[in-house]
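Got your viewer open and a hand on the mouse? Load the model below and we'll walk through it stop by stop.

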Amino acid sequence: MAGWSVEVDRDTCIGSGMCAAIAADHFRLDDGRATPLASPVEPSDEVVDAAESCPVEAILVRDAGGEVVAPQD
């Protein structure tokens, strides 16, 4: 199975740290902004939860076909 791409819009990110707290294996804060540790990643509920929990929706997760997995409207 192909992995998911994970992107963080560092201009939008406010550095709340929710993503790193929820999915420490997938995100860290660098200079006060979120950074994915890898992309692509194996599909994971943690990654979806982190993207859905971002207060400014700075994290975008897409499947191998380019469809948005998270955040969902």
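What follows is a tour from the overall view down to single residues.

**Before you click**

This is a predicted model, so a few ground rules from the source: local features need pLDDT of at least 70, side-chain atom pairs count only at pLDDT 80 or more, and totals for chains, interfaces and linings use all residues. Residues are numbered from 1 along each chain as its sequence is written, and side-chain values use heavy atoms, with hydrogens and water left out.

**Stop 1: the whole chain**

Switch to cartoon view. You should find two helices and five strands, in the order β-α-β-β-α-β-β when you start at the N terminus. Helices (H or I, at least four residues) and strands (E, at least two) are DSSP runs, numbered from the N terminus.

Rotate the C-alpha trace: its span along the principal axes is about 35 × 25 × 20 Å. The radius of gyration is 11 Å, which agrees with the value near 11 Å for a compact globule of 73 residues. That radius is taken over C-alpha atoms, and the globule rule is 2.2 Å times the number of residues to the power 0.38.

Now colour by accessibility. Buried residues are 36% of the 73; buried means under 20% relative accessible area, exposed over 50%, and partly exposed in between (1.4 Å probe, protein chains only). Turn on the surface and you are looking at about 4,200 Å² exposed, with carbon and sulfur atoms supplying 46% of it. These areas come from the Shrake-Rupley method with a 1.4 Å probe, and for residues only the protein chains shown count as cover.

Among contacts with a separation of 6 or more, 50% come from residues 24 or more positions apart. Contact here means heavy atoms within 4.5 Å.

**Stop 2: the core**

Select W4, F27, I59 and V61. These touch the most other members of the largest nonpolar core, which has 19 residues. Such a core is a set of buried Ala, Val, Leu, Ile, Met, Phe, Trp, Tyr and Cys residues joined through side-chain atoms within 4.5 Å. Which elements supply at least two residues each? They are β1 (5–8), α2 (45–53), β4 (59–62) and β5 (68–70). The top contributor is α2, with four residues. In soluble globular proteins, nonpolar side chains tend to be buried together.

Stay on W4 and show what surrounds it. Setting aside neighbours within four places in sequence, W4 contacts S39, P40, V41, P43, S44, V47, V48, V61, R62, D63 and V69.

**Stop 3: H26**

Next, pick H26, in the loop between α1 (18–22) and β2. Is H26 buried or exposed? H26 counts as buried because its relative accessibility is 16%. Beyond neighbours within four places in sequence, H26 contacts T35, P36, L37, V41, S44, E46 and V47.

**Stop 4: the β2–β3 hairpin**

Highlight 27–30 and 33–36. These are β2 and β3, an antiparallel pair with four bridges; two strands pair if DSSP finds at least two bridges between them. Click L29 and look across to A34 in β3, which stands opposite.

Then go to the two residues between the strands, where D31 takes a positive phi near 50°, although D31 is not a glycine. D31 is exposed, with a relative accessible area of 77%.

Still in this area, draw a distance between D30 and R28. They form a salt bridge, with the closest N and O atoms 3.0 Å apart. A salt bridge is a side-chain nitrogen of Lys or Arg within 4 Å of a carboxyl oxygen of Asp or Glu, and a search of the whole structure finds one. D30 is partly exposed at 25%, and R28 is partly exposed at 41%.

**Stop 5: backbone oddities**

Zoom in on the bond from S39 to P40: it is cis, with omega near 5°. P40 sits in the loop between β3 and α2. For another cis peptide bond, go from A70 to P71, where omega is near 0°; P71 is in the segment after β5.

Then select E57, in the loop between α2 and β4. E57 has a positive phi near 50° and is not a glycine.

**Last stop: D73**

Finish with D73, in the segment after β5. D73 counts as exposed because its relative accessibility is 98%. Its C-alpha atom is 9.5 Å from that of E52, a residue 21 positions away along the chain.
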